[in-house]
Amino acid sequence: MLEKLDEIEKKALELLAMVEDEASLEAWRIANIGRSSAVMNVFSQMGGLSKEERPLVGQKANQVKTALEKAFAERVETIKTAALAKSLANEKLDITLPGRPVRRGGLHPATIVLRRMLGILAEMGFQVYTSRDVETDEMNFQALNFPPHHPAREMQDSLYIDAGERGDNPVLLRTHTSPGQIRAMREFSAENPENPPSIRIALPGMCYRYEQITARSEVQFYQIEGLAVGENITYGDLKGTLADFARRMFGLNAKVRFRASYFPFTEPSAEMDVECFVCGGKGCPVCKNSGWLEILGSGMVHPVVLQNGGYDPRRFTGFAFGMGPQRQTMLLHRMNDIRYFWGNDVRFLNQF
Ligand code: DAH
């Protein structure tokens with residue numbers, strides 16, 4: 001047995017001397033000092049030895065094991081040093097080379113305009129309020145004074161995500177940010193139902209409609225909703241606020257006009273146009289020769305909507321508006337196709 005141990009040691013050391021790289025080092029370690037190596041096997045065979053032999057063999061086996069471990073550690077050192085020396089000699093780093101430019105991402109054009117608008121509204125005292133994308137028919141239509149089967153619903157083809165479990169209150173993707181008006185009013189009026197606080201919020205978010213995708217319409221798009229509710233808010237406040245917004249957005253000389261319109265949740269309702277900044281009002285293809293560009297819908301909050309939000313319409317009035325940042329981006333940059341927004345073509349995105 002003792003001779004066998006000498007033999008094991010000798011053979012292992014010979015093999016170790018031939019090891020040149022880290023992968024073979026590990027293979028050697030497993031084969032020669034690992035759990036099922038020859039030395040370790042000697043330990044497990046000790047039970048079969050006589051009483052006299054046992055301490056001698058045990059001691060010898062320990063010596064061999066220690067010797068092999070030590071030789072292994074030395075070999076590891078040698079190989080690592082050699083590898084380092086080799087890489088220092090061969091791999092020269094030219095630190096005078098210019099670095100590779102880091103390609104930085106940028107904000108999406110729709111995000112840039114969205115943020116700019118929210119910035120302007122913030123300066124005017126409108127705080128951001130966010131509301132959910134998945135809505136109920138009640139919030140998206142009913143509470144906003146769209147009666148069931150009212151033809152105004154057809155202005156907005158909805159994407160329902162409901163198989164009819166909820167009867168006449170199905171779940172849908174919001175078709176506009178206006179349901180956020182109800183959510184905000186209900187949240188604020190619940191804090192103090194007798195004396196609800198006045199409101200000035202800007203409500204950005206994605207909206208969804210079941211539409212054929214064309215150069216002019218997309219199934220999803222951003223809107224920013226504005227809502228002001230208080231005790232003495234008049235139509236003059238609406239006009240002043242929105243005209244001021246247009247000047248901050250399109251320049252001090254931006255001229256606006258209001259055209260009477262209809263939305264179920266406002267009365268009276270108006271659409272606001274800015275004078276075409278491409279032709280200065282003379283008429284061109286961008287404004288379709290009208291000299292004006294429509295940029296938002298607005299109106300005085302309908303008494304029924306105030307009531308549904310928990311605000312007593314005998315005491316409170318308010319105005320609201322809704323606009324599409326992407327439409328304004330298209331006008332500002334003379335984009336002729338809305339599909340560029342979600343097309344994810346970097347050649348388009350890189351221009352912003
Ligand atoms: N929700 C309307 C739409 O999506 C836009 C709108 C019009 C919002 C008038 C308003 C408003 O708050 O007062 O077409």
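# A tour of pockets, salt bridges and backbone turns

The second largest pocket has a volume of about 230 Å³. The structure on screen is a predicted model.

**Stop 1: the second largest pocket.** Select Arg103, Arg104, Gly105, Gly106, Leu107, His108 and Pro109, then add Val346, Leu349, Asn350 and Phe352; together they line this pocket. By type, five of the lining residues are nonpolar, four are polar and two are charged.

**Stop 2: the largest pocket.** Now select Arg216, Glu294, Ile295, Gly324 and Arg327, the lining residues that lie nearest the centre of the largest pocket. The lining has 48 residues in total, and the volume of this pocket is about 1,300 Å³. To see where the walls come from, colour β6 (220–230), β8 (266–275), β9 (292–301), β10 (317–323) and α10 (325–332), each of which gives two or more residues to the lining. Which element gives the largest share of the lining? Strand β9 does, with eight residues. The lining of the largest pocket is made up of 23 nonpolar, 15 polar and 10 charged residues. Rolling a probe the size of a water molecule over the atoms shows where empty space is left.

**Stop 3: Ser298 in β9.** Stay with strand β9 and select Ser298, which is found there. Ser298 has a relative accessibility of 2% and so counts as buried. Show its surroundings: leaving out residues up to four places away in sequence, Ser298 touches Leu238, Leu242, Phe263, Thr266, Pro268, Ser269, Ala270, Ala320 and Phe321.

**Stop 4: the bond before Pro268.** One of the residues that Ser298 touches is Pro268, which lies in strand β8. Select Glu267 together with Pro268; the peptide bond that joins them is cis, with omega at about -5°. Most peptide bonds are trans.

**Stop 5: a salt-bridge network.** Continue along β8 to Asp273, and add Arg257 in strand β7 (residues 256–263); the pair ties together parts that are 16 residues apart in sequence. Their side chains meet in a salt bridge, at 2.8 Å from N to O. Which of the two is buried, and which is partly exposed? Asp273 is buried, with a relative accessible area of 2%, whereas Arg257 is partly exposed at 31%. Add Arg259 and Glu271 to the selection: salt bridges that share partners join Arg257, Arg259, Glu271 and Asp273 into one network. Side chains of opposite charge can pair when their charged atoms come close.

**Stop 6: two other salt bridges.** How many salt bridges does the structure hold? The structure holds 18. Select Arg174 and Asp133, whose side chains form one of them, at 3.1 Å from N to O. Arg174 lies in the loop between β4 (171–173) and α7, and Asp133 in the loop between β1 (127–128) and β2, so this pair ties together parts that are 41 residues apart in sequence. Arg174 counts as buried at 2% relative accessibility, while Asp133 counts as partly exposed at 27%.

Next, go to helix α8 (residues 235–250) and select Arg248 and Asp244, which are four residues apart, about one turn of the helix. Their side chains meet in a salt bridge with an N to O distance of 3.2 Å. Arg248 is partly exposed at 37% relative accessibility, and Asp244 is partly exposed at 22%.

**Stop 7: helix α7.** Select residues 179–191, the 13 residues of helix α7. From its first C-alpha to its last, the helix reaches 19 Å, close to the 18 Å expected at 1.5 Å a residue. Its buried residues are Pro179, Gly180, Gln181, Ile182, Arg183, Ala184, Met185, Phe188 and Ser189. Among the elements that cover these buried residues are β2 (134–136), α6 (137–140), β5 (199–208), β6, α9 (303–308) and β10.

**Stop 8: α10 and the loops after it.** Select Thr329 in helix α10. Thr329 is buried, with a relative accessible area of 0%. Leaving aside its neighbours within four places in sequence, Thr329 is in contact with Pro109, Val113, Met335 and Phe341.

Move on to Arg334, in the loop between α10 and α11 (340–343). Arg334 has a positive phi, near 55°, although this residue is not glycine. Its relative accessible area of 49% makes Arg334 partly exposed. Finish at Asn344, in the loop between α11 and α12 (346–349). Phi of Asn344 is positive too, at about 60°, and Asn344 is exposed, with a relative accessible area of 59%. Most residues other than glycine have a negative phi.

Notes. Residues are numbered from 1 along each chain as its sequence is written. This is a predicted model: local features need pLDDT of at least 70, side-chain atom pairs count only at pLDDT 80 or more; totals for chains, interfaces and linings use all residues. Side-chain values use heavy atoms; hydrogens and water are left out. On a 1 Å grid over the protein atoms alone, a cavity is a set of points where a 1.4 Å probe fits but cannot get out, and a pocket is an open set with protein on both sides within 12 Å along at least five of seven lines; lining residues have an atom within 4 Å of a point. Grid points are joined across faces, edges and corners, and a volume is the space filled by probe spheres set on the points. Ala, Val, Leu, Ile, Met, Phe, Trp, Tyr, Cys and Pro count as nonpolar, Asp, Glu, Lys and Arg as charged, and the others, Gly among them, as polar. The expected span of a helix is 1.5 Å times one less than its number of residues. Buried means under 20% relative accessible area, exposed over 50%, partly exposed in between (1.4 Å probe, protein chains only). Contact means heavy atoms within 4.5 Å. A salt bridge is a side-chain nitrogen of Lys or Arg within 4 Å of a carboxyl oxygen of Asp or Glu.
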